[in-house]
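Trainee: Could you take me on a close look at one part of this model? I would like to hear about the helices, and how one of them relates to the ligand.

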Amino acid sequence: MSGLQVDLRVPGRVEAAFEVARGEVLAVIGPNGAGKSSLVQALAGLVPAEGTALLDGRDLLALPAKDRHVGLVFQQQLLFPHLSALANVAFGPRARGTGRAEAERVAADWLERFGLGDLGHRRPGQLSGGQAQRVAIARALATDPWLLLLDEPLTGLDVKVAMALRIELGRHLAAYDGATLLVTHHAIDALTIADRVLVLDGGQVAQVGTPAEVSQRPRTEHVARLVGLNVVREAETLVAFPPEVVAVSLAPPEGSPRLRWEGQVADVSPHGDAVRLLVHTTGGPDLIADVTPGAATELGLAPGRAVWLSAKETAVRRYESHPDDWGTVSP
Ligand SMILES: Nc1ncnc2c1ncn2[C@@H]1O[C@H](COP(=O)(O)OP(=O)(O)OP(=O)(O)O)[C@@H](O)[C@H]1O
């Protein structure tokens, strides 16, 4: 296959087998400590790893970091503070042996594509966070990398800046013909920019699928929350449902629906026009439920309040918890 085939292990941190085709963007999501950064660092050669990472047949893990031709962007963009934006972007091509004039031409072209054509002379300290991150992404792309690794590239930016850059980044990634791994905490990045999503949990691959598959049939609580769903396990089946179909009452629900839980309100917060409750169910999962502000007042829904939750069978989606159609499965 042309692209990246990974089967690697960083002992105690992450173990993952997956593929990314050329031109494809694979988002990597998962809770804190899931192993996302370890995976990126292992591919970049920043931490030692066992196994293989075949890129068009070459094993990256067998190469020293400097020979892997990887474009790297981190949340904290590491621009050279004493160099201009232009010199920062030109640095990669220069390091690969391109002459100064040509490297600067390539760099100017990349800055132009990121709308920074006029700011090439500025140093990183004279750029806004969003501009500096554009320079960092331009610098990674200007090296014409075999593989692009983006670790939380939009985290820490102002919401509006991140929104604009997300759209730009999506456009540049669509034009990039190598494989891309995009580590992100934000469902919107995974759902809008990525072709496929890999979910890490506890250092293992918990799910791989298209954004639609992963958001409609989440296999981990973390992903369910990221996309705003509840997910509960019933033996070998997972049951997913949105917070707006959860009915909240003070007395046990009538008709004894199969999906019902007794619990205690843990948190109350505004959510659009609704009031969102986080409920710790007794001996069960945490669930979210949306109610109208009127109902919240009427039922006295404040933290500590004992409540019943229920969902109609017709409002939930059921699916197998252990499909066997993708790589490594977490226990
Ligand atoms: N330098 C290190 N040495 C040893 N263990 C580490 C090191 N860095 C991270 N770990 C451990 O490896 C596991 C994976 O961490 P990693 O930082 O890769 O997760 P992550 O998914 O990127 O988390 P976050 O979203 O918080 O950045 C965690 O158990 C973490 O404690």
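Mentor: Happy to. Let's begin with helix 1, which is followed by G45, a residue with a positive phi, near 90 degrees. Please keep in mind throughout that this is a predicted model.

Helix 1 covers residues 36-44, and three residues of the shell around the ligand come from it, the largest share. The full set surrounding the ligand is R13, V14, G30, N32, G33, A34, G35, K36, S37 and S38. By class, that shell holds six polar residues, two nonpolar ones and two charged ones.

How enclosed is helix 1 by the rest of the structure? Seven of its nine residues are buried, so helix 1 is largely enclosed. The buried ones are K36, S38, L39, V40, Q41, A42 and L43. Put this next to the shell and you will see two names come back: K36 and S38 both surround the ligand, and both are buried residues of helix 1.

For context, the protein has nine helices and 18 strands. Its C-alpha atoms fill a box of roughly 75 × 40 × 30 Å along the principal axes. Of the 331 residues, 39% are buried. Among contacts with a separation of 6 or more, 63% are between residues 24 or more positions apart.

Now let's move along the chain to helices 2, 3 and 4. Helix 2 (residues 85-95) packs on helix 3 at an angle of about 120 degrees, and their axes are 8 Å apart. An angle counts as roughly perpendicular from 65 to 115 degrees and as roughly antiparallel over 145, so helix 2 and helix 3 are oblique to each other. Their crossing is right-handed. On the helix 2 side, the contact is made by A85, L86, V89, A90, P93 and R94. Helix 3 answers with R100, A103, E104, V106, A107, A108, W110 and L111. Sorted by class, this contact of helix 2 with helix 3 has eleven nonpolar residues, three charged ones and no polar ones.

Helix 3 (residues 100-113) also packs with helix 4 (residues 129-142), here at about 135 degrees with the axes 9 Å apart. This pair is therefore oblique as well, and helix 3 crosses helix 4 in a right-handed sense. The residues in contact are V106, A107, W110 and L111 from helix 3, with A138, L141 and A142 from helix 4. The contact of helix 3 with helix 4 consists of seven nonpolar residues, with no polar and no charged ones. V106, A107, W110 and L111 deserve a second look: they belong to the contact with helix 4 and also to the contact with helix 2.

One last residue to click on is N88, which sits in helix 2. Is N88 buried or exposed? It has 26 C-beta neighbours inside 10 Å and therefore counts as buried. Leaving out neighbours within four places in sequence, N88 is in contact with L79, F80, L83, V135 and R139. Given that helix 4 spans residues 129-142, you can look for V135 and R139 there while you follow the contacts of N88. As a distance to check in your viewer, the C-alpha atoms of N88 and L148 are 17 Å apart in space, with their positions 60 residues apart in sequence.

Terms used:
Residues are numbered from 1 along each chain as its sequence is written. This is a predicted model: local features need pLDDT of at least 70, side-chain atom pairs count only at pLDDT 80 or more; totals for chains, interfaces and linings use all residues. A residue is near a molecule or strand if its C-beta atom, placed from the backbone, lies within 6 Å of it. Helices (H or I, at least four residues) and strands (E, at least two) are DSSP runs, numbered from the N terminus. Ala, Val, Leu, Ile, Met, Phe, Trp, Tyr, Cys and Pro count as nonpolar, Asp, Glu, Lys and Arg as charged, and the others, Gly among them, as polar. A residue is buried if 20 or more other C-beta atoms lie within 10 Å of its own, exposed if 12 or fewer, and partly exposed in between; C-beta atoms are placed from the backbone. Axes are lines fitted to C-alpha atoms, for helices over the stretch in contact, and angles run from 0 to 180 degrees between N-to-C directions. Angles under 35 degrees count as roughly parallel, over 145 as roughly antiparallel, 65 to 115 as roughly perpendicular and the rest as oblique. A crossing is left-handed if the near helix is turned anticlockwise from the far one by less than a right angle, and right-handed if clockwise. Two residues are in contact if their C-beta atoms, placed from the backbone, lie within 7 Å.
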